[in-house]
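Take a look at the sequence and the fold below. Then follow the strands, the helix across them and the core.

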Amino acid sequence: MEWGKLDAALAAALGDRRKGGAIPLTVLIELADDVPELARDTLGALGVRGELPQEGCSARLSADQVAMLSDQPWVRRLRLATTLRLHSDHPP
């Protein structure tokens, strides 16, 4: 695994998964500028559908799949996806 491509949150989550969890993680995959056709096939096999946006895509991945992607030259960075919440002055 090329740890330099993983953000801190993803690296920590992978450490937790290796201790006993096999639940997939939602990962943001930042792609290099020139993505080969083989990469599109690989991402399709991981569940990424449709046209790949230039900036990247997301997928639910196991620790092994994250490791495999991190070793690919066409992957620039992998980040753990987070849930965004609206902040409000008044709680619901």
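Contact means heavy atoms within 4.5 Å. This is a predicted model. In it, helix H3 (residues 63-70) lies across E1, E2 and E3. H3 runs at about 140° to E2.

**The sheet**

How are the strands ordered? Three strands form an open sheet in the order E2-E1-E3, with antiparallel pairing. Strand E2 (57-61) and strand E3 (75-80) stand at the edges, each with a single partner strand, so one side of each lacks a neighbour in the sheet. From one strand to the next, the twist averages 30°. Strands of a sheet pair through backbone hydrogen bonds. The table lists the pairs.

| Strand pair | Bridges | Direction |
|---|---|---|
| E1 and E3 | five bridges | antiparallel |
| E1 and E2 | five bridges | antiparallel |

Ile29 has Leu78 in E3 as its bridge partner. Leu25 has Leu61 in E2.

**Two faces of E2**

In a regular strand the side chains alternate between the two faces of the sheet. E2 shows this alternation: Cys57, Ala59 and Leu61 point to one face and are buried. Ser58 and Arg60 point to the other face and are not buried.

**The core**

Which residues touch the most other members of the largest nonpolar core? Of its 23 residues, they are Ile29, Leu43, Leu69 and Leu78. Helix H1 (8-18), E1, helix H2 (37-45), E2, H3 and E3 each supply at least two residues of this core. E1 gives the most, with four residues.

Leaving aside neighbours within four places in sequence, Ile29 is in contact with ten residues listed here in part, including Leu43, Cys57, Leu69 and Leu78.

Terms used. Residues are numbered from 1 along each chain as its sequence is written. This is a predicted model: local features need pLDDT of at least 70, side-chain atom pairs count only at pLDDT 80 or more; totals for chains, interfaces and linings use all residues. Side-chain values use heavy atoms; hydrogens and water are left out. Two strands pair if DSSP finds at least two bridges between them. Axes are lines fitted to C-alpha atoms, for helices over the stretch in contact, and angles run from 0 to 180 degrees between N-to-C directions. Buried means under 20% relative accessible area, exposed over 50%, partly exposed in between (1.4 Å probe, protein chains only). A nonpolar core is a set of buried Ala, Val, Leu, Ile, Met, Phe, Trp, Tyr and Cys residues joined through side-chain atoms within 4.5 Å.
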